[in-house]
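Here are some questions and answers for a newcomer. Take a look at the model before reading on.

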Amino acid sequence: MKKIRVIVAACVFILLLGLLLSLGQALLVPHDPLANPEAALIGEFVDAFAEEDVIFLGDCEIYESISTVTLWKEYGINAYACGSPQQLLWHSYAMLQHAFAVGQPSVVVLGAYALRYSEPQNEAYNRMALDGLPLSRAKLSAVSASMTQGESLLSYLFPLLRYHDRWDTLTWRDVTLLAEPPMAVSYQGYLMQTGVLPDENGRPDHEGALPLTEPALGERAVDYLEKIALLCRENGAQLILLKAPTDSWAYPWYEEWEAQTEALAARLEIPYYNLLEAFDEIGLDYSADTYDGGMHLNVHGAEKTAHYFGEILQQYGAPDRRDDGRLLDEWKGWTERYEHEKEQVD
Amino acid sequence: MSMKKNRSIKCMTVVLAVMMGLAAALCACGPSEAPDAPVGERAVLSLPFRGTEIAAGDAVEPLLGALGDDYTMQEAASCAGIGKDYVYTYPSLRLYVFAPEGGEAIVTSVCYTDDGAAIKGVTIGGAADAAVAALGEPDEQTESKLVYRDETSVLTLSLRDGIVTAIVLSEK
Amino acid sequence: MEIVINLLKRLHPEIDAANAYGLVDDGILTSLDVVTLIMELNEAFEISIPVEEILPTNFNSAEAIFALVERMQDC
Amino acid sequence: MQLHSMTFLCFFGCLLLLYYTVPRCAQKPLLFVGSIVFYAFSGWRNVLLILSMTVLAYAVAREIDRVAHQKKMSLAAHEEWSEEQRKAFSRRSRAVQRRWMLLGVAILLLGLSFFKFAPAVAKAVGTLPRLSSLIFPMGISFFTFQLITYVVDVYRGKVACERSFYRLCLFSCYFPQLVQGPISRYGELSATLYTPVGFDAGGVSAGLMRVVWGYLKKLVIADTAMIAVGTIMQAPERFSGVGVLLLLVLYTVQIYGDFTGGMDIAIGCSEMLGIRLRENFLHPFASTTVGEYWRRWHITMSTFFTDYVFYPLSLSKTAQWVSARLRHVLGARWATQVTVWLTTLLTWLLTGIWHGAGLNFALWGLLNGVVMILGEQLARVFAPLRKKFPHYYEGELHRLLCCVRTFLIVGLLRTLDVYRDVPLTFSLWGSLFDLRQYGALLDGTVWSSLGLSSGQWWLLAFGVLLMAVVGRLTLEDGEVAQVKWGAAAQTPPRWGGRFRDALGRRPMLYAVLMALMLVVIVIFGRYGYGYDASDFIYNQF
């Protein structure tokens, strides 16, 4: 008799512990997209990504430079911008593995800016990039590749161990959000920035940036670029290297990096497009197309860039999906929301 | 006699134990795990400017007070609002600063912009070997740069055909 | 025996020293009291009670203390 | 390896699994190997040190035993000796034993003080830089004291000398007590240390509950209080007056949570291995006098200093010489009294110095001694008053007031340990008494400036309440929590009282409590990214 009660008690223990901890994790792990939109991007990518044909990977140069809605409206390209703040190449590699697991993108556009980093940079950015990904071998290797000092693998397996101390800053909104369906913050990964803050000299330049002391590209970054190239070849996808048309003292693109990236792209036989050189062709103008004085593009800049880059994507076989009824409906909803948010500012 | 011999053996064991105890004590204080001396035994690296020594990691407010307010400041929000980056441009010096969200602003890098300032007489445009003579043996020397390191920061002098083109001190 | 009893009385007037029992077990005698008692006994009977004799059984009652004193006297 | 680190959890998990799966005969060797591995984490040299000290203790004890044995043999062989000769011979061999014992203890103390005071001396003198950056072997005080108790107990005949060196090593290296005690006596620990045990579900589950409770007290309560203590400590000028009172209470909460938490983990782990360690704390804040407090707080330390320092000191020849000298001046009665006072103060001074080689620690020890003596004397002075109002003195109110008084006195003395600068501490004690400052307590300005959010203050309040409730529950009914001083070696009592038996009978209640405690630790504990795992306070002794 006592044996049964002990077994029942053990079950109660496990159930209660599991219930309380998962409830705690749901509550305490940041899940308010409005509080920190960039942190929600990867979570949305994992929920939304399915059979898109084009996938963009990279940091804020990717998820703020090209408007996916324009790509759809003008070319019918069904694209997803899988970007996160300061996304390093080993993060992108894990995300690409997830993308190939759930879908079959035919074109992969990779941001070139991350080639400069060869060391893990920042715990907060690691969390934003990796917490959203479902548990998999790819995620584990990405975590161990990007952990900075003081981080532990366990806190990625159980995020509650990392965010448990948010208990005394919880708000009622954290609780109600649990009940509501997840609200998308981005448009297929594109995060709209509607502000306008002109840059005086109208054109991107990195005058005033820190003189370059370590010209070589990140060694580990190049390794992971090769891995990504191999993965794309295995999945029959076309990999394109892209430098967004932005350059500033805070995020400089030095000539040495440009030269090495071109050489690298040639070596790996990957097409490389530096939109900085096509700045005028795209019709960009830093008095209206940037929201932070020349570091990132706002929605107008993103639409112009998307208009320009869409053609290139078509050359690489990005199909026009506007004949697909279901996609039309989905995109119609997103486009309406997109226009609505855009109008609020104009 | 046997009592005497027996006793001496006992004494021996105790003395041996004592020796072992002291030996362990001494070797325990052998190469203790204290961090080994910083590379190059060099004091903390810093760039002098207007009589103030600027090192990577310094707090910014007192520095700006000391250097004067004839600077222009540019600001950039880091992605996802985890902090702000600033650059303060003085005549012939530039300060790069990062202020984490709700934290104290610290200097991440500092560099000379022209030959208006010097470290131990070494200025931009000066000869490389003159720099080595003034600053001492670098930790790393190639024909494109001289590198000096201390525990927390790295001083780099970029070179082109034997002439110093940039002097940059930044956090490791 | 009287010496032991009035020594105890001086230390702890509130207890009935003669036939109190469990002086140690009930926590009446503290370590300071025991030491004072031993020094007084050593002085009074010219004996020297070694440290290993400080046991609860020897100090639980006046008789036990006296028995200890006698034992110390003849060795 | 800290007791609250992930490595320790994995280490202990594997050890426990192996402990109950290996055949009975291999159980204790496994425990020995485990202890050595545990200690090797803190540096292999420390293992060499502890083993060599054990060799020393073993050799000295065997020597004492040999002399005793030889005495018995010679007395038996020489019937013809007269009574006088017999007494002289046994007195001589006793002297030989005494010399060996003193030699052993002296060398053990030499090793301890070398590590404890050499760095401080080297820093003060400024030479031998490597000496000042000496790495302090973890828990050296505790196993040194343990070996001293073993040697002295063998000399006093309280304990039989241990023939097998391996068993003595297991006694000194037994890992749960290695980091911060309790200082076990050989007689008590050997009762359960060497007998292999089968898997006893009751013992293991009770031990597990106590380990989790220890973690909760350390990670949730002690480390939260540490934030506020740290803020006050760093800015004494800003937080004088009220701040000192808050520091007093908060530091007591922190050190109570930290120390008893550490003890719960050590004793709980030991109980899961079927080995009973002595309790180091028996509801210290239920004590009405400072004397009683020190019989309930860090019991193994105070009994160690009582049995092995205070008694030998006060019964030594020098003490008698001093007492004889004083007799001419003060008369017989006061002579012994003052001598006892002197030896008490000296013992407390040594306790203080053991805590740290600083003036503040020495002063802390002395003041504790003074307060204890005053306490005893004042009790005698108030004795007639006690007779006049017996109903008040036996009443709850008086007991409560005494408890609060003891809590404040001991807490106040402990601030010496925090401020470390004696004149500053005295000025801060002075600032306690200007009452204008206490307004800040009410309007809440002080609460927000201590680095704790309101949520954390509530957490601290519930934590303290929880500790009090658990203290009340595990109190044996009518238990005279006095530790019988100088008691012969007997197996330490089982902890937990009625509460533990109740839990044993209700597995459901056990399961729910355990789940709740684990959740509280995971959510409210102060660990993980951004926290430097704060060390146990008594880890550096």
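Q: Why is the sulfur of A:Cys232 not in a bond with the closest cysteine sulfur, in A:Cys82?
A: This is a predicted model, where local features need pLDDT of at least 70, side-chain atom pairs count only at pLDDT 80 or more, and totals for chains, interfaces and linings use all residues. Residues are numbered from 1 along each chain as its sequence is written, chains are lettered from A and ligands numbered from 1 in the order written, and side-chain values use heavy atoms, without hydrogens and water. A disulfide is a pair of cysteine sulfur atoms within 2.5 Å. The sulfur of A:Cys232 is too far from that of A:Cys82 for a bond, at 13 Å.

Q: How many disulfides does the structure hold over all chains?
A: A:Cys82 is in no disulfide, and its nearest cysteine sulfur belongs to A:Cys232. Over all chains, the number of disulfides is zero.

Q: Is A:Cys82 buried or exposed?
A: Buried means under 20% relative accessible area, exposed over 50%, and partly exposed in between (1.4 Å probe, protein chains only). A:Cys82 has a relative accessible area of 1%. A:Cys82 is therefore buried.

Q: How many strands does chain B have?
A: Helices (H or I, at least four residues) and strands (E, at least two) are DSSP runs, numbered from the N terminus. From that end, chain B runs α-β-β-α-β-β-β-β-α-β-β-β-β. Beside three helices, the strands of chain B number 10.

Q: What share of the residues of chain B count as buried?
A: Chain B has 172 residues. The buried share is 42%.
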